[in-house]
Amino acid sequence: IKVQIENSDNIENYRYSLIAPAVSEMINPISDHTFNLNASDDLEDAIILEWTPYPNDDFYTYEIWRSDIATVSTETLENNGEKLVEITNRNLNYFEDRLSIGSGKKWYYFIKTYNNYGENIESEVTEGDTRL
C-alpha cells in the first residue's frame with residue numbers, strides 16, 4: 001500500500017503489505033542476516049539495543065522481545081517474555097528500552113525480523129542490564 005497526498009508527486013509513508021500466497025512455492029524465503037545485536041550495560045533506568053539493519057527489499061518488520069529469565073534460547077524468551085515493540089522502518093538500528101526496566105537488573109533480548117511473505121529470522125539472545 002502506498003499513500004500519496006492529493007495534488008502531490010510525492011509518495012510517502014508506505015510499506016508493502018504482507019503477502020500470504022495460497023501455495024508454498026510462491027513464498028520467497030527470507031535471506032540470512034547477522035544482526036550483531038548489542039545491549040548496553042552501563043546506563044541508569046534504560047538499556048539501549050543496537051543492531052545491523054536487515055538490508056533486503058523484502059523487509060516487513062522487526063519485533064523486539066525481552067525477558068528477565070536468563071536464557072540463550074529465543075523460544076524460551078518468546079514463550080516467557082514479552083514483545084516490546086514492532087518496528088516498520090527497515091533502516092532503524094537502535095531501540096531504547098525504558099519500560100519498567102529497574103536498576104541493577106539483567107534483561108535478555110532478541111530481534112525477530114519478518115519479510116513480506118511472513119518468513120522470519122531471529123538474532124541471537126543478548127544480555128543487557130542497568131547500573132544501580
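A residue is called buried when its relative accessible area is under 20%, and exposed when that area is over 50%. The model described here is a predicted one. By the definition just given, Trp 51 and Tyr 62 are both buried. These two residues are a convenient place to start, but the chain as a whole comes first.

The chain has 132 residues, and buried residues make up 36% of them. It contains 1 helix and 10 strands. Read along the sequence, the elements follow the pattern β-β-β-β-β-α-β-β-β-β-β. Among contacts between residues at least 6 apart in sequence, 65% join residues at least 24 apart. The accessible surface comes to about 8200 Å², and carbon and sulfur atoms account for 44% of that surface.

Now to the aromatic rings. The structure holds 4 aromatic pairs. In one of them, Trp 51 and Tyr 62 meet edge-to-face, with 5.5 Å from centre to centre and 70° between the planes. The pair counts as edge-to-face because its angle is over 60 degrees. Trp 51 lies in the loop between strand E4 (47-50) and strand E5 (59-67), while Tyr 62 is in strand E5, so that the pair links parts of the chain 11 residues apart. Another pair is formed by Tyr 54 and Phe 59, which is tilted, at 6.5 Å centre to centre and 40° between the planes. Tyr 54 counts as buried because its relative accessibility is 1%. Phe 59 is buried as well, with a relative accessible area of 11%. Together, Trp 51, Tyr 54, Phe 59 and Tyr 62 form one aromatic cluster. Elsewhere, a ring meets a charge: the charged end of Arg 66 sits over the ring of Trp 107, 3.8 Å from the ring centre.

Strand E4 comes just before the loop that holds Trp 51. Which residues of E4 lie on its covered face, and which on its uncovered one? Ile 47 and Leu 49 are on the covered face, and Ile 48 and Glu 50 are on the uncovered face. E4 runs antiparallel to strand E3 (residues 38-39), to which it is joined by 2 bridges. E4 also pairs in the antiparallel sense with strand E7 (residues 94-97), over 4 bridges. Glu 50 has a place in both pairings: Asn 38 stands opposite Glu 50, and Glu 50 stands opposite Tyr 94 in E7.

The loops hold three further residues to look at. Ser 123 is found in the loop between strand E9 (120-122) and strand E10 (126-129). Is Ser 123 buried or exposed? Ser 123 is buried, because its relative accessible area is 5%. Leaving aside neighbours within four places in sequence, Ser 123 is in contact with Phe 35, Leu 37, Thr 74, Phe 110 and Ile 111.

The other two loop residues have an uncommon backbone angle. Most residues other than glycine have a negative phi. Asn 36, however, has a positive phi near 50°. Asn 36 is in the loop between strand E2 (11-12) and E3, and is exposed because its relative accessible area is 53%. Ser 100 is not a glycine either, yet has a positive phi of about 45°. Ser 100 lies in the loop between E7 and strand E8 (106-115), and at 62% relative accessibility counts as exposed.

Terms used. Residues are numbered from 1 along each chain as its sequence is written. This is a predicted model: local features need pLDDT of at least 70, side-chain atom pairs count only at pLDDT 80 or more; totals for chains, interfaces and linings use all residues. Side-chain values use heavy atoms; hydrogens and water are left out. Rings of Phe, Tyr and Trp (its six-membered ring) pair if their centres lie within 6.5 Å; planes under 30 degrees apart count as stacked, over 60 as edge-to-face and the rest as tilted. Buried means under 20% relative accessible area, exposed over 50%, partly exposed in between (1.4 Å probe, protein chains only). A charge sits over a ring if NZ of Lys or CZ of Arg is within 6 Å of the ring centre and within 35 degrees of the ring normal. Two strands pair if DSSP finds at least two bridges between them. Contact means heavy atoms within 4.5 Å. Accessible areas come from the Shrake-Rupley method with a 1.4 Å probe; for residues, only the protein chains shown count as cover.
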